[in-house]
Amino acid sequence: MTKIKYQTVTGMHDVFGREQIFYDKVEEVARKIANFYSFQKISTPILEDQDLFIRSVGEGTDIVEKEMFTLKTKGKDLLVLRPEGTASVFRAYLENGMQSLPQPVKLWYYGPFFRYERPQAGRYRQFWQIGFELIGDASPVLDAETILIAYNLLKDLGFKKVVVNINSIGCEECRKDFKKALSSFLKNKKETLCSDCKRRAETNILRILDCKNPKCQQILNEAPQIVDYLCPDCKNHFKQVLEFLEEIEIPYKLDPFLVRGLDYYNRTVFEIGFEENKEEEAIGSLIGGGRYDNLSKALKTDFVPAVGFSMGVERVVSLMKLKEIELNLKKKQGVFIVQVGDLAKKKALRMMEELRKAKIDVFEAISKDSMKLQLTKANKLAINIVLIIGQQEALNNTVILKDMVTGKQSTVKQENIAKEIKKRIK
Ligand code: HAM
């Protein structure tokens, strides 16, 4: 019989073992931050109407042009595996009448997203994002709060020297003049641009600004800067955001070329990474976000301003490992049950349930018969209390309680075991 080799789809990966512990840690830190800043968790479907992303992320963007996993249902609807979370959360806000709640509505999410990208370091076709969205308020203090939350997220995960790259891309009005200026600047330089930028010059000229091709970057050194084209309102908004950041001592760098690759943004855009960004350059940005007051217009609803960010969990986990960030997991507090003999196995199974009800964590190797094997596992888990049920104990309804630190052991009646353990576990 020829064996079939099963493997994950290109650009997708399994998460398990130590890797899963890192993912859980990232989620736990995000949950604590979300609770502190009063965000409610939201889970939206993985499939959405294709139209939602065409309208929101925008037709000329890489995501919509090249990266969506689209499927046609039997009813001929065009659905996509969500490539990002903002449009879905915003759709949920509108659909569920959250406009009638006190604004801003603060929502966070954690889940898988899908983009048909060329797989490489830090770039997957299924990846996990944690996102925070503040919907329904245009105040610049919320841009600063969003950045503060993103910054604290990386800090609480154990990263040092975190820095915010920030820019303002103004509103549609200020962008009109800027696009004209950029277009005339690039007029006789188009031939030297990379092939993507040649196309972008026609479809989405702003995207040329954040092209990573060194030749394009060199040309852009002399290009006009969008901050010089901001209208008074946008300028004032940006000035206030920066003042709030200074007040809360968030280190930031103005990046005139930061425009972000999604069409819904206006005014503040930001990405967060590290001061020394060698590793980050290799894998791309960790966190990206900004204000997206344009999304409501793109979706043809009443004006709803909003701001938010999301963080790529794969990238964060790979940098946590690279920078050898300790997980600081709490030492396991619980007991390990060792059983020897058929009757003891039954008693052990029953005892596990009693201890679970008493809220004591139990570890075991219940399918094993060898005492040595079971004790080796208890040692590996570094558990300090081991309960041993042999044939004698099973018959007497007792259990041997062994303290693995002092080596002392005593025989305890099974009915008193939970009380006895609680005395020892602080
Ligand atoms: P984004 O910049 O497209 O923004 O993605 C945010 C983060 O997701 C990136 O900084 C990166 O860490 C991670 N990421 C993106 N693509 C991949 C990939 N192919 N593989 C691994 N990680 C990836 C957004 O998605 C916006 N929705 C952010 C936002 C929220 N803006 C406002 N609110």
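## Exercises: helix packing, strands and odd backbone spots

Helix H1 (residues 17–36) packs against helix H5 (residues 140–156) at an angle of about 140 degrees, their axes lying 10 Å apart. This is a predicted model, where local features need pLDDT of at least 70 and side-chain atom pairs count only at pLDDT 80 or more, while totals for chains, interfaces and linings use all residues. Residues are numbered from 1 along each chain as its sequence is written, and side-chain values use heavy atoms, with hydrogens and water left out.

**Exercise 1.** Work out how H1 and H5 are oriented to each other, and which residues meet.

*Solution.*
- Step 1: get the elements straight. Helices (H or I, at least four residues) and strands (E, at least two) are DSSP runs, numbered from the N terminus.
- Step 2: take the angle. Axes are lines fitted to C-alpha atoms, for helices over the stretch in contact, and angles run from 0 to 180 degrees between N-to-C directions.
- Step 3: classify. Under 35 degrees is roughly parallel, over 145 roughly antiparallel, 65 to 115 roughly perpendicular and the rest oblique; H1 and H5 are therefore oblique to each other.
- Step 4: list the contacts (heavy atoms within 4.5 Å). From H1 come Val-29, Ala-30 and Ile-33, and from H5 come Ile-149, Asn-152, Leu-153 and Asp-156.

**Exercise 2.** Describe the surroundings of strand E5 (residues 105–114): is it enclosed or open?

*Solution.*
- Step 1: check burial. Buried means under 20% relative accessible area, exposed over 50%, partly exposed in between (1.4 Å probe, protein chains only). In E5, 10 of the 10 residues are buried, so the rest of the structure largely encloses the strand.
- Step 2: find the partners; two strands pair if DSSP finds at least two bridges between them. Strand E1 (residues 40–41) runs parallel to E5, joined by two bridges, and strand E6 (residues 126–135) pairs with E5 in the antiparallel sense over 10 bridges.
- Step 3: pick a residue. Trp-108 in E5 stands opposite Lys-41 and also opposite Phe-132 in E6.
- Step 4: look just upstream. A cis peptide bond, with omega about 0 degrees, joins Gln-103 and Pro-104; Pro-104 is found in the loop between helix H4 (86–95) and E5.

**Exercise 3.** Find where Arg-260 and Ala-382 sit, and say how accessible each one is.

*Solution.*
- Step 1: recall the background. Most residues other than glycine have a negative phi.
- Step 2: take Arg-260. Its phi is positive, about 70 degrees, although it is not a glycine. Arg-260 has its place in the loop between strand E8 (252–254) and strand E9 (268–274), and it is buried at a relative accessible area of 13%.
- Step 3: take Ala-382. Again not a glycine, Ala-382 has a positive phi of about 55 degrees. It lies in the loop between helix H14 (371–380) and strand E14 (385–389), and with 34% relative accessibility it counts as partly exposed.

**Exercise 4.** Lay out the open sheet of five strands and name its edges.

*Solution.*
- Step 1: write the order. It goes E13-E12-E14-E15-E16, with mixed pairing.
- Step 2: spot the edges. Strand E13 (362–364) and strand E16 (409–413) each have a single partner strand, so one side of each is left without a neighbour in the sheet.
- Step 3: add one pairing. Strand E12 (residues 335–339) and E13 pair in the parallel sense over three bridges, with Val-335 opposite Val-362 in E13.
- Step 4: add H14. This helix lies across E12, E13 and E14, running at about 175 degrees to E12.
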